[in-house]
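Student: I am new to this structure and would like a close look at a single part of it. Could you take one strand and walk me slowly through what surrounds it?

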Amino acid sequence: MFGQKKDKIFTDRKDTERSLISETVSIDGIVNSSGAIDIAGLIKGPVTSDEVVIKETGSISGEVEAERVEIYGHLDGKISSQNVVIGSTGVVKGDITFGQNLRTEEGADIEGFIKKNPSAGKKESSSAGDFLFTKKEKKPKKNGKPEAVVNKESEALV
């Protein structure tokens, strides 16, 4: 009786609710979530989530990758996101890569480069990025010359 309901709760549960890392919490390590995270405490390490909101008392030292990022506290690291909001109390020390929108409020403090990239913060993109030499294919040796390493995508562009 209870076992069936308990199993249904765990299998039907969707991890879409907001999580809170309160002011009294400090995390040293990797933080991953399929939902949204409100950060009022301290995180030392990379954060990957659907949505990340750094509250005024919150701080992250590490990279942040999410569909949406809002910063009202401190971030010391890179941002990769579709939509970025940096509030008037927000401080960012690191590069920002965004795909759709970047909004900064008066008083926001940014120290780093800003770049628009349509694939930034999308979950299907790998953390390695879309570089020219990510997919390698070895060509056979010809006339004793060394092997060449070529990217299939770059061959199609030539």
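Tutor: Two strands are said to pair if DSSP finds at least two bridges between them, and with that in mind we can turn to strand β6 in this model, which is a predicted one. Strand β3, made of residues 31-32, pairs with β6 in the parallel sense, and two bridges link them; here Asn32 stands opposite Thr48 of β6. Strand β4 also pairs with β6 in the parallel sense, this time over four bridges, and Ala36 has Glu51 of β6 opposite it. β6 is joined to β8 as well, by seven bridges, and these two strands again run parallel, with Val47 standing opposite Val64 in β8.

With its partners named, we can ask how covered the strand is: six of the eight residues of β6 are buried, so the strand is mostly covered, buried being taken as under 20% relative accessible area. Two of the residues to look for are Val47 and Val52, because in the largest nonpolar core, a set of buried nonpolar residues joined through side-chain atoms within 4.5 Å, they are listed with Ile60, Leu75 and Ile79 as touching the most other members among its 20 residues. The elements that give two or more residues to this core are β6 (47-54) together with β4 (36-39), β8 (64-71), β10 (79-86) and β12 (96-104), and the largest share, four residues, comes from β8.

Ile60 is a useful residue to follow from here, since its contacts, not counting residues up to four places away in sequence, include Val47, Val52 and Ile54, and also Ile39, Ile43, Leu75 and His74. Strand β7 (residues 59-61) is joined by three bridges to strand β5 (residues 42-44), and the two run parallel; Leu42 has Ser59 in β7 as its bridge partner.

Both of these strands belong to an open sheet of six strands with parallel pairing, in the order β2-β5-β7-β9-β11-β13. At its edges stand β2 (26-28) and β13 (109-111), each with a single partner strand, so one side of each has no neighbour in the sheet. From one strand to the next, the twist averages 5°.

In the edge strand β2 we find Ile27, which is partly exposed, with a relative accessible area of 26%. Not counting residues up to four places away in sequence, Ile27 touches Ile21, Leu42, Ile43 and Lys44, while its C-alpha atom is separated by 9.5 Å from that of Ile60, 33 residues apart along the chain.

How values were computed: Residues numbered from 1 in each chain as written. Predicted model: local features only at pLDDT ≥ 70, side-chain atom pairs only at ≥ 80, totals over all residues. Heavy atoms only, no water. Axes fitted to C-alpha atoms, helices over the stretch in contact; angles between N-to-C directions. Buried < 20%, exposed > 50% of the residue type's maximum accessible area, 1.4 Å probe, protein only. Contact = heavy atoms within 4.5 Å.
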